[in-house]
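Good morning, colleagues. I would ask you to look first at the sequence and the model on the screen, and then to follow me through a few of their features.

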Amino acid sequence: MNSSNYYAVLMAGGVGSRFWPVSTRQFPKQFHDMLGTGQSLLQRTFSRLARFIPEEQILILTNTRYNDLVLEQLPGLSPEQIIGEPAMRNTAPCILYAAMKIRKMNPEALMLVAPSDHWIEDEAAFERDVTTCFSQCADHRTLCTLGIQPTFPNTGFGYIEFDAGGDAPRELRDVVQFREKPDYQTAKGFLQQGNFLWNAGIFAWSANGILEAFRHYQPGLFELFGNGLETYNTEKESEFIERYYPTAENISIDYAIMERSDSVKVLPASFDWNDLGTWGSLYDKMEKDRQDNAVAQGRVLSRDSSGNMVRLPGEKVAVLEGLKDYIVIDKPEVLMIIPRDREQEIKQWVAEVGDTFGDEYI
């Protein structure tokens, strides 16, 4: 298959508030080396895609406030590869905007849309799965998504129900429906049923296919962005986007297109995956010491302490005694110590700290 038609859109505009206080509005998690690999999540994801997609055809979709951060971390990028959102409007408007730009560059384009902050270890398997989807999309109007085999009844992910017919576990399946984040009992039922996958938010389609879907299911959005078609990839583009992008409906790609289209297929992924959405998910993927403590940065001396997730400034030393299953995050301006099983409350603390001390802390 001709890789010159391969394009990717990396979604890198989120704030990542569940990784506070490391992830902030000024410097979100995708720009941090969360895994201690020497690369930020954005850099690691970009290098994963550059294995099989031409680097000049990888576009970074982010808020305009992060344009300089993107160029600093990916110095080989041209400014034209950054798609800046002047306002946050969820995933449907920005994907539509990117698709129109890409189709104008190449009418035969095949697009991968992927978050910039996921952990994927087997990059060769990821490449195989994406190219399998591209092969399906090249000659059809099919919209593909990659689904992750669930390993436990997670209530923090959406699920994809697929047609259980067929014997091959790694073939593209027809999607029956998308399901919102379930409660625990419902999630257990999904796993017992066997034809449910986690929704990873990784999509593949032709530029023509997704634009046709927008034209059919979201005619208002399609018309709004279609009015700027002549300006895309020209000096006049930013003026149009600055004026009209903030007027777009705030709607996700799942609700706008994927839940409505009858042309959606899902491929059960053949790679291990973690969305790295919380300190707990990071803890799961990190190496542990003999007491099951994970240290992302800094140095720890511990006694009778286990199951802790620790990140400290530089080479700072923390002494832990009698501490079990806690998240300990230390920054010069904020120290957070919170039980791992209550990490869902971090977003509440972000709001309270901001209200009490000001936006510079969040």
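**A walk through the predicted model**

One cavity of 30 Å³ or more is present in the structure. Please bear in mind throughout that we are looking at a predicted model. The volume of this largest cavity is about 40 Å³. Its lining is made up of T45, R48, L49, A114, P115, I120, F126 and I202. Helix α1 and strand β4, which covers residues 110–115, each contribute at least two residues to that lining. The largest share, three residues, is supplied by α1.

Let us now turn to the open spaces. The second largest pocket holds about 420 Å³ of space. Its lining counts 18 residues, and those nearest the centre of the pocket are I82, Y97, K101, E237 and S238. Two or more lining residues are given by each of β3 (82–85), α3 and α8. Helix α8 provides the largest share of this lining, namely four residues.

I move on to the nonpolar interior. The largest nonpolar core has 91 residues, and the members that touch the most others are I60, L112, W205, I210 and F225. Helix α3, residues 91–105, gives this core its largest share, nine residues. Which residues does L112 touch, if we do not count those up to four places away in sequence? They are Y7, A8, V9, L49, I53, F126, V130, F134, I202 and F203. Several of these names recur: L49, F126 and I202 are among the residues that line the largest cavity. There is also a second, separate core of 24 residues, with W20, L276, V350 and I362 among its members.

Three of the contacts of L112, namely F126, V130 and F134, bring us to helix α4. This helix runs over residues 123–138 and has 16 residues. From its first C-alpha to its last it reaches 22 Å, close to the 22 Å expected at 1.5 Å a residue. Its buried residues are E123, A125, F126, D129, V130, C133, F134, Q136 and C137. When reading such a list, it helps to recall that an α-helix has 3.6 residues a turn, so residues three or four places apart point the same way. At the start of α4, a side-chain oxygen of D122 comes to within 3.4 Å of the backbone nitrogen of A124.

Next, some remarks on backbone geometry. As a general rule, most residues other than glycine have a negative phi, and most peptide bonds are trans. Where does this model depart from that pattern? The peptide bond that joins W20 and P21 is cis, with omega about 5°. P21 belongs to the loop between β1 (6–11) and α1 (41–49), and W20 is one of the residues of the second core. N233, a residue other than glycine, has a positive phi near 65°. N233 sits in the loop between α7 (219–226) and α8 (237–244), and with a relative accessible area of 36% it is partly exposed. D304 is likewise not a glycine, and its phi is positive, at about 50°. The loop that holds D304 runs between β13 (299–303) and β14 (309–311). Is D304 buried or exposed? It counts as exposed, because its relative accessibility is 54% and the cut-off for that term is over 50%.

I close with two buried polar residues. Q57 is placed in the loop between α1 and β2 (58–63). Its relative accessibility is 13%, and it therefore counts as buried. Q57 touches S3, S4, N5, Y6, Y7, A8 and Q81, leaving out residues up to four places away in sequence. Q57 and V9 are 48 residues apart in sequence, while their C-alpha atoms are 8.6 Å apart in space.

The second of these residues, N199, is part of strand β9, residues 196–206. N199 counts as buried because its relative accessibility is 15%. A polar atom of the N199 side chain lies 3.1 Å from the backbone nitrogen of G201. Apart from neighbours within four places in sequence, N199 is in contact with T145, G158, Y159, I160, F178 and D254.

Thank you for your attention.

Terms used
Residues are numbered from 1 along each chain as its sequence is written. This is a predicted model: local features need pLDDT of at least 70, side-chain atom pairs count only at pLDDT 80 or more; totals for chains, interfaces and linings use all residues. Side-chain values use heavy atoms; hydrogens and water are left out. The expected span of a helix is 1.5 Å times one less than its number of residues. Buried means under 20% relative accessible area, exposed over 50%, partly exposed in between (1.4 Å probe, protein chains only). A polar contact is a pair of N or O atoms within 3.5 Å; within protein, one must be able to donate a hydrogen and the other to accept it, and residues adjacent in sequence count only if both atoms are side-chain atoms. A nonpolar core is a set of buried Ala, Val, Leu, Ile, Met, Phe, Trp, Tyr and Cys residues joined through side-chain atoms within 4.5 Å. Contact means heavy atoms within 4.5 Å. On a 1 Å grid over the protein atoms alone, a cavity is a set of points where a 1.4 Å probe fits but cannot get out, and a pocket is an open set with protein on both sides within 12 Å along at least five of seven lines; lining residues have an atom within 4 Å of a point. Grid points are joined across faces, edges and corners, and a volume is the space filled by probe spheres set on the points.
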